[in-house]
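Reader: I am new to this structure and would be grateful for a close look at a single part of it. Please begin with one residue and then set out its surroundings in a connected account.

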Amino acid sequence: MKVVLQDLVKKYPASDSIAVNHVDLTIADSELIVFLGPSGCGKTTTMRMIAGLETPDGGKIFIGERDVTYVAPKDRRVAMVFQNFSMYPSMTVYENIAFPLQALKRSKAEIDQLVREAAELVGVSALLKRGVRQVSGGEAQRVSLARAMVRRPEVFLMDEPLSSLDAKLRVQMRTEIKRLHQETRSTMVFVTHDQEEAMTLGDRIVVMSQGKVQQVGTPHEVFFDPYNLFVATFVGTPGMNLFDGVIQQSGDTLCVDLQGYMQPIPERFRATLNAKTPTPVKWGIRPEGIRFVDATDPNSLAGQIEIIESLGSRQLVFVRSGDKLFSVIVDSLHPVRQGENCHLHFDETRIHLFEAQNGRSLTQRG
Amino acid sequence: MALPIKTQPPSATRQSQFRIWFYHWSQKNIHWFFIAPALIAILVVAIYPIVYSTGLSFFRVSFDSRERPFVLFENFIWILNDKDYWGALGNTLLYVAVTVSGSFVVGFGLALLLRRISVGRNWIRLVLILPLTIAPIVVGLTWNWMFDPLFGLVNWFFIGIGVQPQTWLAQTGTARIVVMLVDIWQWYPLVFLIMDAGLSSLPKAPYESARLEGASDWMIFTRITLPLLRAVILVALLLRTVDAFRTFDLVRVMTDGGPAQTTETLSLYLYRTAFNFNKLSRAGAGATIMLIVISIISNFMFRFLYREQEGR
Amino acid sequence: MQPSLGQRLIAYTIFFILGVLVLVPLAAGVITAFKPRIIWVSSPPTWIFSPTLENFEFVLIQRNNLLHLRNSLIIASGSVTIALILGVPAAYALARFRFRGSKGLLQWLISLRMIPPIVVALPFYILFQTFDLRNTHIGMMMAYLTFLIPLVIWMMRGYFAEIPSAMEECAMVEGYSRLGALRKVVLPVVLPGIIATALLNFMFAWNEYFLALILGGRDTSTLPAAAATYVGRAQVEWGNLFAINLIIMTPVIILTLILRRQLVKGLSLGAVD
Amino acid sequence: MKNSKLMGRLLIILGVALMMSMSVVNVLAQDAIEPFAVTDPTTGARPFEGQELRILNTEVVPILAYEHEILDPAYEAASGVTLVYENYDQGALLPVLQTMCAAGGDDYDIMFVEDGWAGALEALGCLEPLTPYYLAAPGDAHPEDFPLRAFGTVAMHNNVWYGMPTLIAVGMFAYRTDLFNDPDEQAAFQAEYGRELTVPETWEELVEVGTFFTRPDEGLYGFNYRYGTPNNILFDYMIHFGFSRGVNFFDTDFNPLFATPEALDAAAFFTGQEFLNMQPPGRESFQFGEVLQNFTQGAVAMYGTESWAIPLLLDPEGSTVAANTGFAPIPGWRNPETGEIQRALLSAGPAYMINANISPERKRLAWDYLQLAHGQQFARLLADGAGAGHRTSVLSDPEFVERFPYFPGLLIAESGGIGRPSEPWWPEAENALGQGLQAAVAGTPVEEAMTEANNEVIQIVTDAGYYESGAQYVTVEQREQFVCQLFVEINVTHPECE
């Protein structure tokens, strides 16, 4: 079932500051979409409006063709999994899963069958008789998934359901949710502040900040083609190297000046730069786009290795060059030593340019 | 997955303006649906009496005349010039300070102590909260009887250990202390109950790590227990303070404010002014001032409480 | 970690002393309730005597305190019930919704508990007079609500704040109205809290003296007001007084005994914010 | 100067006359009340059948208990009316009354009203004058059967008859006959003081005897008084020390008289160490209950009390010394000139009064009960059963006097009693004076304490506007005149009225 958010606005109660600022979004049928953003960016509020737990101050919400803006949550046929709540403490696992069905006034036999199916699907069949004290956090979260599924909702809403689990369990549950999505093919909205989760789960990612949608796109798009500075810095660990710079015409090519070293800028930016130089910009490059090269390489910037952090198979190296500190990711086998002098080469294709004033990407888009 | 789910027919896409407005309104003001009944009740049972008595304090109203001339601040001026009022205010503040801190220390101390033992906890708990279940007037009378200088058990206890019996409730020095002790006797169980419950819900982890780090009991208490229990402590203190301010029954039956008015609390003073001296509106003025004083104190405690809660 | 033997010994000694301090006055009172008139007081106290029920007979039958007992039961339980019905939803709203003035409202509510009963008495009397509520249980319950509602809201708010709001929101998404969610999901969880609140408030209502005295009529006068009549100008009728004291104490102590687990559980539920 | 003073007096006399005539007019202006009875002796009809009569009452003194036992069933059987009592302790009764009267409530038909409270309740319009009811149905009331002073204090206020006295309190003195009659004690006393051990007649004698009997090791003390709440202490001081020395509350212009040399002299004795030392510990807080308890438990040899306590002292179930209790007139001062012992005993007490806010029908019903409950018939029953009484005919009945030798003493006390002023502000003044006395007991120099109290009373009277309006304090003699006036109005004759 497709979900359409039309110019949604939500103000914080008890103050007039805006939580969700004119959000327009269409979520396709059977899509798993992830809302990603720092806390307080409005992602959860947006989801709660889809669920009906908050009423928008402006705009409309459609589920399928139905305008549900003013429909009570119980009548929206959505399901929601919450961040810090998983099981009703006064009920057993079985009663928990049966709970949404009781609201539909189904027969006992029908309920029983549906409960068992749902329990089977998330793997809690063995726990049905247990109470909340007798299940672990991960199991409780599975129960909440089963409870969400049992009603066959048109839309699944998940509000950081994994954030209270430990790292290993989180990865495991992530896979499970992905599998569930593939099996049920229902529309799923997943809210998280964890970009790794967003990247691995989402068909598409909605990056939000300060109540606004910053970018909507596939994980690949969001990572490799951030629309603006916010997305560029928020997505990716460690974040993009970003510096103020001035674009200069150096002969035929555009360059950015790095303490005398002129880094060429790809041609694709020329159109958006209005051919007016020198132009102040923010320029950036992800740590993965930097390589160590020999000192002989003319297209390189000299620097000194300050800190080395191991990331397992790779290592994160901080290199100082003048007043700038670059983070570089290289293979663990690459020999680096603290204090060593080195030379950095920037992959032209991975250079990002943003307008200095509003942070918008200068990449030309079709 | 074969079972068909009944789906409701799609609701009308065009909803009436009114319905939208109403939905909005009701969602925005949903809290009022819950609060309104209590608020209306409070309006009748609390605000009306307060407004009425405050209103009275601007008139000359007494239990000995039907005329009620408007006198503006006369009653307030009178009451502020009455040394008995200030005496009663001082007594009340002392009473509140001593009994609240006393019942807190005893109640909290016992709750802590109860953690140290394992056998017979339930029985001890039960015995300890008994005084709370007894009506203040009964408590006062019982202790009056205990302190009777000729026939009371306290007296016989003192004779037993070879001390001259004292006339506890008849001397200005001791009456105050005895009344406060009895108040503590009556109310420490409330603090005990709250603190006992608070202690039993403390997490274990900080204690274990502190102990591994070799912290002393005292350090654990001041650095871990107290901070973790701050909100609970404040709730207990607030509840006690609120009730201590309006103490009436206990003092009324034990000393009736005597001897020499050393135990006369504000409640008793107001009672005397209204019912013994017939000066209803003076009592109203006194009560108004008392309410202002109390609100200032409670406001102060509230700020403190909220700072704590928001700091988390 | 296990406290040392010495520590435990000290703890038990302190509990023993306190137990004596708590129990001796109560026990002495209870014993006196069974003493014949002539030895209500004596010097030294008499401990050996043939117990008599004449004090109870006098208090219950001659002075018709069964009526007061009934009044006490009706008024205390009734006022607590009404206070819960009115206060629990308000407490829920104050715990759940942040709206303009919600904090101020809470503070204001608890301040109301500090109103000296003297302030309330005459206005209530006139209110009773106007609406013909004199000598009715409903009227007395209204008067008691003055100090019960604030405490109910104050305590219950703590309990509701404990429960994640996601709990009832989840139920609401799963097909229940807000009220349905409250009833099916939240209520079972706060039940110990409600019981603790009810019990504490019952104690306050049951033991109330001043309002009962001024506002109570023949059909509404409660036990504490009746107890005070045994401290007369002529004499203190100790035996009768302790007999009625015992009657006042017993129901509350029995209730506390039955509900003590819920009381402790309930208090710890709300106390930890 | 002289002229203006004269004018002032004239004005006062005119004012008093105006007030009196107005009250007479008031009485006349009221609708005449039909003659009525709860049972018609000829037809047996019971017009009030099924009604309830609601009586606000206080605590259980045996007199009231007797009323319950004997009178009420008989009345209920005869009239078909149900009597509903509500009891409060005396301290709590006043707020209940005040609240009801201030709000014009009609919760109770008949109210127990102490003489000290009547002024305030009258001002609230809560008290129903009884004259018209008496004129319509005199029944068994017989108001002339009381000494004038007692009736004037307890039943009347501002020249209006409001109540039927339920009991009249006068000072009484009780002592332990077993101690006074013990030959060993007598011998020891003789040896120590060189005179016989007799029941003391003067306060000086009492101090001697009391000190003699004060033996804390045996748990025995000489004498016991109450010094508790402020108004009690004032009460006792005035009854037993002040009045007998010629102290009065006020002069005719409402100037308080508590710092005059006589008053200070009496106060010094009352609060002096000699007098305090023979009393048991705790005296500073003792009130009626405790002093009674001390005596009935055998802890004191002598005890000063009021007449209502007599039945309690004689009850073997209530007092360990009931069989050994003797009564005597309260001691007094020996007038050095005449050699006579001066005693002054305060008459005070409650009366049953009718709530002015109830319906006319209920008022008539209430009157019917009142005149029966406190009529001559019942007074005799009461004396017979409880050994208590306050009517002249009872107290002077030879048959009763033989059984209860203290009756004549009560009658004398009632006839000589000086009641409290029933001004609305009196409780406040009483409190100030009581506080002064308590301060003196606690050690403040008597003169200082009483002068301050006296000044406070002046302030209270000033605040009440009495000096400004030139109000006059009604003396005991004037009050007697009022009573006689009433008796003229209701066509009864009293031997004391001429």
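**A tryptophan and its surroundings**

Author: In this predicted model, W25(B) is placed in helix α1 of chain B. The relative accessible area of W25(B) is 38%; because this lies between the limits of 20% and 50%, the residue counts as partly exposed.

W25(B) also belongs to a nonpolar patch on the surface, which covers about 590 Å². The other residues that make this patch are F18(B), W21(B), F22(B) and F33(B). Helix α1 of chain B, which spans residues 17–28, gives the most to the patch, namely four residues.

From the patch the account may turn to the contact of chain B with chain C. Chain B brings 95 residues to this contact, and chain C brings 98 residues. The size of an interface is often given as the accessible area lost when the parts come together. For chain B and chain C this area is about 8600 Å², with 79% of it on carbon and sulfur atoms. Three residues, F34(B), W145(B) and R246(B), supply 9% of the area that chain B buries against chain C, more than any other three residues. The two chains are also linked by one salt bridge. Its partners are D243(B) and R113(C), whose closest O and N atoms are 2.9 Å apart.

The partner, chain C, deserves a description of its own. Its secondary structure consists of eleven helices and zero strands. The C-alpha atoms of chain C fill a box of roughly 70 × 65 × 30 Å along the principal axes. Of the 273 residues in chain C, 66% are buried. The accessible surface of chain C is about 9400 Å², and carbon and sulfur atoms account for 69% of that surface. Among the contacts in chain C between residues at least 6 apart in sequence, 74% join residues at least 24 apart.

Finally, there is the interior. The largest nonpolar core holds 422 residues, and those with the most contacts inside it are W161(D), Y237(D), F275(D) and W367(D). The element that gives the most to this core is helix α6 of chain C, residues 137–162, with 17 residues. Another core, of 46 residues, lies apart from the largest one and includes L32(A), V34(A), A140(A) and M149(A). As for F275(D), its contacts beyond four places in sequence include W203(D), L206(D), V207(D) and F223(D). Y225(D), Y227(D), F241(D), F269(D) and F270(D) are also in contact with F275(D).

Methods
Residues numbered from 1 in each chain as written. Chains lettered and ligands numbered in written order. Predicted model: local features only at pLDDT ≥ 70, side-chain atom pairs only at ≥ 80, totals over all residues. Heavy atoms only, no water. Core = buried A, V, L, I, M, F, W, Y, C linked by side-chain atoms within 4.5 Å. Buried < 20%, exposed > 50% of the residue type's maximum accessible area, 1.4 Å probe, protein only. Helix = DSSP H or I, 4+ residues; strand = E, 2+ residues; numbered from the N terminus. Contact = heavy atoms within 4.5 Å. Patch = residues over 30% accessible without salt bridge, like charges linked within 9 Å, V, L, I, M, F, W, Y side chains within 5 Å. Areas by Shrake-Rupley, 256 points an atom, 1.4 Å probe, with all protein chains shown as cover. Salt bridge = Lys/Arg side-chain N within 4 Å of Asp/Glu carboxyl O. Buried area = accessible area lost by both parts, 1.4 Å probe.
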